[in-house]
Amino acid sequence: MSWVFRQNILHQTMNRGFQIRAFSQTADYVISGGGMVGAACALALAQLNVNKNKKIIMLEGSPKRTIDIGKDYSNRVVALNPGSIEMLKNLEAWPTIQQNRYNPVLSMRVWDACSDAAITFQNEETPAQPLSYIIENDLVQKSLNEQLDNCDNIQVINSAKVKSYKFPDCGSTEHVPDGLVQIHLESGDQLETNFLVGADGFRSLVRQQLNIDSLGWEYNYSGVVATLKLDATSDQVNNTAYQRFLPTGPVAILPLNPTYSSLVWSMPSALAKQKVQLSEQEFVEEVNNALRSDLHQNQIVNTVSKGLGLILDSFTPSKQYQINNLPPRIIGAANRAGFPLGFTHSHRYIGPRTALVGDAAHRVHPLAGQGVNLGFGDVMSLASVVEKCLVNGAPLGDRSYLLEYETERQRHNVPTMFSIDSLHRLYTTEFTPVVLARTLGLQVTDALQPVKKVIMSHAASG
Ligand SMILES: Cc1cc2nc3c(=O)[nH]c(=O)nc-3n(C[C@H](O)[C@H](O)[C@H](O)COP(=O)(O)OP(=O)(O)OC[C@H]3O[C@@H](n4cnc5c(N)ncnc54)[C@H](O)[C@@H]3O)c2cc1C
């Protein structure tokens, strides 16, 4: 038997002119937050055989919006790794993306503005196999939203901003608390659930109200995004992602199609404000300079690095692949905007009958394009743990299973997050010894294919 839900929220207005509290409904699962990660989580849970007759509600604070994928590219894109693409395929969200647009990244070049050091990534044995796919956030969201509409056992409630949560008391020995999680919406409506998923982004109210400590800071940096027009023709290939580490922060251009790429340029927020306000021509010139100028080159470091290069060349076979060292020249920039960047890691990903996923649990600098990939990794892990719990006959929200989810994800997320943060810190300096150390490190890593393989395989799995 499948569930068909009706939006049966009744507001009872008394004759005396005030409203008594609106309807309360109970759901097996409530997902708070319908961003990319929340929507994927609702679908992943709905697809489990053990959940076919369960009731899943997804609450999204913003109003329902129709997402039109127009001719022009949106300025917000994500680089999704093969693990995330596999998940979208399993959730049947991939066909919508395929019918619209996406671009595979076959190679990636990362280099230092202070020296000649560079590293290149490509699948050595199967160069045609993408490292990642560049897709607009809106298109990922649209593909997931369409599937949500097709699911009988999911009810999506938009304009449903949660005001507060009340969590059941969890005795020290209990595997699952007696009470349910109560959810109070700003509208006055209330719900209760056996299992709450906090997918409400980096300012997560779920995390705050669980009183979970988190480690976090604002970088006082912003990511300036834009859609870049390239000096290229439509028959040219554009499948390389470029990222250059400047002392002010990394600048990345991600290929959208032969003639367009997407910009993510991190820099101190005050500088970002200025860049966003430049004329298009000035901005384009600044992006080209950021990708090409020799202004920050350190000649001492380059001399040492050349020596190491000669030694490495005699030990390692010459490279099989050809990638342009310089990205295409930029000739236009549309839709500029800046987004604040920060780091947050929640000490716990679980609470009584509750789990956090996505940015609600962890927020990273975008320099490695890992944010939503980590969130999708959480979703896959949580769905598999919930399935195991119910198949084994344990009650939904059983703490021992939630601990399994938390451990699995923290083992993956924590090292990834701290590596990304360290990269940000390592590269935002021009201090010669540090530039020298990172230059030599990058050179050696680039020469050691097995080490690069390990890095690529970690980044591919979210
Ligand atoms: C400049 C930039 C570039 C990036 N590039 C990449 C990239 O290339 N690859 C990558 O993997 N990641 C990237 N990221 C990170 C990625 O965008 C985020 O990790 C991802 O969007 C987080 O998704 P989420 O669903 O967890 O959270 P969000 O997108 O923040 O969604 C949270 C949702 O919860 C809702 N909500 C919040 N509070 C409430 C409430 N009280 N009640 C009800 N609903 C609520 C919100 O309305 C929102 O819809 C980038 C980030 C930035 C800033």
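Guide: Let us start with a cut-off: a residue is buried if 20 or more other C-beta atoms lie within 10 Å of its own, exposed if 12 or fewer, and partly exposed in between. Please keep in mind that this is a predicted model.

Visitor: Thanks! Why is Ile-56 called buried?

Guide: Ile-56 has 26 other C-beta atoms within 10 Å, and the cut-off is 20 or more; therefore Ile-56 counts as buried. The residue lies in strand 2, which covers residues 56-59.

Visitor: Which residues does Ile-56 touch, leaving out those up to four places away in sequence?

Guide: Among them are Ala-27, Asp-28 and Tyr-29, as well as Ala-42, Leu-45 and Ala-46. Asn-153 and Ile-154 are on the list too. Separately, Ile-56 and Leu-196 are 140 residues apart in sequence, while their C-alpha atoms are 9.9 Å apart in space.

Visitor: How do you know whether Asn-211 is buried or exposed?

Guide: The count for Asn-211 is 9 C-beta neighbours inside 10 Å. Exposed means 12 or fewer, so Asn-211 counts as exposed. Asn-211 sits in the loop between helix 5 (205-209) and strand 12.

Visitor: And why is Asn-335 called partly exposed?

Guide: Asn-335 has 15 other C-beta atoms within 10 Å. The partly exposed class lies between the limits of 12 and 20, so that is where Asn-335 belongs. Asn-335 is part of strand 16.

Visitor: What makes the phi of Asn-211 worth a remark?

Guide: The value is near 60 degrees, which is positive, and the residue is one other than glycine. Asn-335 is also a residue other than glycine with a positive phi, near 55 degrees. A glycine with a positive phi turns up just after helix 9: Gly-393, at about 80 degrees.

Visitor: Since you mention helix 9, how do you know that it is largely enclosed by the rest of the structure?

Guide: Of its 21 residues, 16 are buried, so helix 9 is largely enclosed.

Visitor: What span is expected for helix 9, and what does it reach?

Guide: From first C-alpha to last, helix 9 reaches 31 Å, close to the 30 Å expected at 1.5 Å a residue. The expected span is 1.5 Å times one less than the number of residues, which is why a helix of 21 residues is set against 30 Å.

Visitor: What makes helix 9 (371-391) part of the surroundings of the ligand?

Guide: Helix 9 gives the most to the shell around the ligand, with four residues. Helix 1 (36-47), strand 3 (77-80) and strand 12 (214-230) also supply at least two residues each. The shell holds 32 residues, and the closest are Gly-33, Gly-35, Gly-201, Gly-358 and Gly-371.

Visitor: What is the make-up of the shell around the ligand?

Guide: There are 13 nonpolar residues, 15 polar and four charged. Glycine counts as polar here, so the closest residues fall in the polar group.

Visitor: Now the sheet. In what order do its eight strands stand?

Guide: The order is 6-5-13-14-15-12-16-19, in an open sheet with mixed pairing.

Visitor: Why are strand 6 (118-122) and strand 19 (362-363) said to stand at the edges?

Guide: Each has a single partner strand, so one side of each is left without a neighbour in the sheet. Helix 11 (residues 432-447) packs on this sheet, where it touches strand 5 (107-112) and strand 6, and its direction makes about 30 degrees with that of strand 6.

Visitor: How do you know that strand 12 and strand 16 pair?

Guide: Two strands pair if there are at least two bridges between them. 14 bridges join strand 12 to strand 16 (residues 330-346), so these strands count as paired, and they run antiparallel. Leu-228, for one, stands opposite Ala-333 in strand 16.

Visitor: What joins strand 14 (residues 249-257) to strand 13 and strand 15?

Guide: Hairpins do: strand 13 connects to strand 14 through two residues, and two residues also lie between strand 14 and strand 15. Strand 13 (residues 240-246) pairs with strand 14 in the antiparallel sense over five bridges, with Arg-244 opposite Val-251. Strand 14 and strand 15 (residues 260-268) are antiparallel too, over six bridges, and Leu-254 has Ser-262 as its bridge partner.

Visitor: What makes strand 14 mostly covered?

Guide: Eight of its nine residues are buried.

Terms used:
Residues numbered from 1 in each chain as written. Predicted model: local features only at pLDDT ≥ 70, side-chain atom pairs only at ≥ 80, totals over all residues. Near = placed C-beta within 6 Å. Contact = placed C-beta atoms within 7 Å. Axes fitted to C-alpha atoms, helices over the stretch in contact; angles between N-to-C directions.
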